[in-house]
Amino acid sequence: MVTTAVGLLFIPGITELNPIAASVFQSMGTVVGVVVFGFIIVFCTTAVVELGGCELYRQTGSETATVCLRFGAYGALSMIYSYAAYQNAVLIADNVSIWLLL
């Protein structure tokens with residue numbers, strides 16, 4: 001969330017590629033939109049994974065399966081968001097180094 005907000009607020013030419021997020025950021029403002037959108041994504045993801053884990057346990061009785069579900073879902077999303085944060089940080093660093101050269 002931090003790299004997205006910094007990039008959108010301070011680096012000219014950087015835009016949000018997710019059209020849903022871009023719409024939220026435009027209507028609510030960048031900082032509030034990033035926080036609200038991030039909260040909604042985390043809340044919805046947690047609700048789906050935890051309810052799915054409960055249902056999986058109810059049907060199978062396997063704690064191992066629920067741990068694997070959580071690990072897979074949260075792990076995959078963490079990797080995706082880590083990659084996005086890395087890409088944002090690279091864009092910010094590139095623009096900062098250009099400003100330092102000017």
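**Close-up views of a predicted model**

**View 1. Glutamate 50 and arginine 70 pair up in a salt bridge, with their closest N and O atoms 2.9 Å apart.** This is a predicted model, so keep that in mind for every view here. The pair ties together distant parts of the chain: glutamate 50 sits in helix 3 (residues 30-60), while arginine 70 sits in helix 4, 20 residues apart. How exposed are the two partners? Glutamate 50 has 26% relative accessibility, so it counts as partly exposed. Arginine 70, at 28%, counts as partly exposed too. And what brings such side chains together in general? Side chains of opposite charge can pair when their charged atoms come close.

**View 2. Glutamate 55 and arginine 58 make another salt bridge, and here the closest N and O atoms are 2.6 Å apart.** The structure holds 2 salt bridges. Glutamate 55 and arginine 58 are about one helical turn from each other, because they are 3 residues apart in helix 3. Here's the handy rule behind that: an α-helix has 3.6 residues a turn, so residues three or four places apart point the same way. Glutamate 55 is partly exposed, with a relative accessible area of 31%, whereas arginine 58 reaches 59% and counts as exposed.

**View 3. Helix 1 (residues 2-10) has buried residues on one side and exposed ones on the other.** Thr4, Ala5 and Gly7 are the buried ones to look for. Why do they share a side? Their arc around the axis is only 165°, which puts them on the same side of helix 1. Swing over to the other side of the helix and you'll find Val2 and Phe10, both exposed.

**View 4. Valine 6, also in helix 1, reaches partners elsewhere in the chain.** Is valine 6 buried, partly exposed or exposed? With 29% relative accessibility, valine 6 counts as partly exposed. Setting aside neighbours within four places in sequence, valine 6 is in contact with Ile11 and Ile92. Now look for alanine 89: it is 83 residues from valine 6 along the chain, yet their C-alpha atoms are separated by 9.2 Å.

**View 5. Six residues build the largest nonpolar core: Ala5, Ala21, Val24, Phe25, Val34 and Phe37.** Helix 2 (19-28) and helix 3 each put in at least two residues of this core. Which helix gives the most? That's helix 2, with 3 residues. Phenylalanine 37 is a good place to zoom in. Leaving out neighbours within four places in sequence, phenylalanine 37 is in contact with Asn18, Ile20, Ala21, Val24 and Phe25.

**View 6. Threonine 66 is tucked into helix 4 (residues 63-101) as a buried residue.** Its relative accessibility is 7%, so threonine 66 counts as buried. What does threonine 66 touch? Not counting residues up to four places away in sequence, threonine 66 touches Gly53, Leu56 and Tyr57.

**View 7. Cysteine 54 and cysteine 68 stay unbonded, and the structure holds 0 disulfides.** A disulfide is a covalent bond between the sulfur atoms of two cysteines. Why doesn't cysteine 68 form one? The closest cysteine sulfur, in cysteine 54, is 16 Å from the sulfur of cysteine 68, which is too far for a bond.

Technical notes
Residues are numbered from 1 along each chain as its sequence is written. This is a predicted model: local features need pLDDT of at least 70, side-chain atom pairs count only at pLDDT 80 or more; totals for chains, interfaces and linings use all residues. Side-chain values use heavy atoms; hydrogens and water are left out. Helices (H or I, at least four residues) and strands (E, at least two) are DSSP runs, numbered from the N terminus. Buried means under 20% relative accessible area, exposed over 50%, partly exposed in between (1.4 Å probe, protein chains only). Contact means heavy atoms within 4.5 Å. The arc is that of the directions from the helix axis to the C-beta atoms. A disulfide is a pair of cysteine sulfur atoms within 2.5 Å. A salt bridge is a side-chain nitrogen of Lys or Arg within 4 Å of a carboxyl oxygen of Asp or Glu. A nonpolar core is a set of buried Ala, Val, Leu, Ile, Met, Phe, Trp, Tyr and Cys residues joined through side-chain atoms within 4.5 Å.
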